[in-house]
Amino acid sequence: MMTVGSNVKSCYFAIKSAEATLAQLAVKSTNEPSKEAYKEAEQLLSEVKADLKEQVLFLAREESQYE
């Protein structure tokens, strides 16, 4: 059974991967509106990733007391 911490960590890595994919799409895109949309989505995911990283760190501290 996965803990909440491991679920959040898994989500963090999925967001990180999606962020990298959007960055690649922005670089490769020749369509300016698409390029801007990719960049905007990448920025939003970057903010979510930062929040999730804080949550991962918090849960790592909290869950360690139950091991």
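Is Ser46 buried, partly exposed or exposed? In this predicted model, Ser46 is partly exposed, with a relative accessible area of 24%, where buried means under 20% relative accessible area, exposed over 50% and partly exposed in between (1.4 Å probe, protein chains only).

## Basis of the model

The model is predicted, and local features need pLDDT of at least 70, side-chain atom pairs count only at pLDDT 80 or more, and totals for chains, interfaces and linings use all residues. Residues are numbered from 1 along each chain as its sequence is written, and side-chain values use heavy atoms, with hydrogens and water left out.

## The two helices

Helices here are DSSP runs (H or I, at least four residues), numbered from the N terminus. Helix 1 covers residues 4–28 and helix 2 covers residues 32–63. The 25 residues of helix 1 should span 36 Å at 1.5 Å a residue, and its end C-alpha atoms are indeed 36 Å apart; the expected span of a helix is 1.5 Å times one less than its number of residues. Helix 2, with 32 residues, reaches 45 Å from its first C-alpha to its last, close to the expected 46 Å.

At the N-terminal end of helix 2, Asn31 acts as a cap, with a side-chain oxygen 3.0 Å from the backbone nitrogen of Ser34. For reference, a polar contact is a pair of N or O atoms within 3.5 Å; within protein, one must be able to donate a hydrogen and the other to accept it, and residues adjacent in sequence count only if both atoms are side-chain atoms.

## Buried faces and the nonpolar core

In helix 1, the buried residues are Gly5, Val8, Tyr12, Ile15, Glu19, Leu22 and Ala26, and they pack against helix 2. In helix 2, Lys35, Leu45, Lys49, Leu52, Val56 and Leu59 are buried, and what covers them includes helix 1. An α-helix has 3.6 residues a turn, so residues three or four places apart point the same way.

The largest nonpolar core has 8 residues, namely Val8, Tyr12, Ile15, Leu22, Leu45, Leu52, Val56 and Leu59, and each of the two helices supplies at least two of its residues. Such a core is a set of buried Ala, Val, Leu, Ile, Met, Phe, Trp, Tyr and Cys residues joined through side-chain atoms within 4.5 Å. Leaving aside neighbours within four places in sequence, Val56 is in contact (heavy atoms within 4.5 Å) with Val8, Lys9 and Tyr12.

## Glu19, Lys49 and Ser46

The structure holds 1 salt bridge, a term for a side-chain nitrogen of Lys or Arg within 4 Å of a carboxyl oxygen of Asp or Glu. The side chains that meet in it are those of Glu19 and Lys49, at 2.8 Å from N to O, and the pair links distant parts of the chain, with Glu19 in helix 1 and Lys49 in helix 2, 30 residues apart. Glu19 counts as buried, at 11% relative accessibility.

Not counting residues up to four places away in sequence, Glu19 touches Glu42, Leu45, Ser46 and Lys49. Ser46 lies in helix 2, and its C-alpha is 8.1 Å from that of Ile15, although the two residues are 31 apart in sequence.

## The aromatic pair

A search of the whole structure finds 1 aromatic pair. The rings of Tyr12 and Phe13 have centres 5.2 Å apart and planes at 70°, so the pair is edge-to-face; rings of Phe, Tyr and Trp (its six-membered ring) pair if their centres lie within 6.5 Å, with planes under 30 degrees apart counted as stacked, over 60 as edge-to-face and the rest as tilted. Tyr12 is buried, with a relative accessible area of 11%, whereas Phe13 is partly exposed, at 47%.
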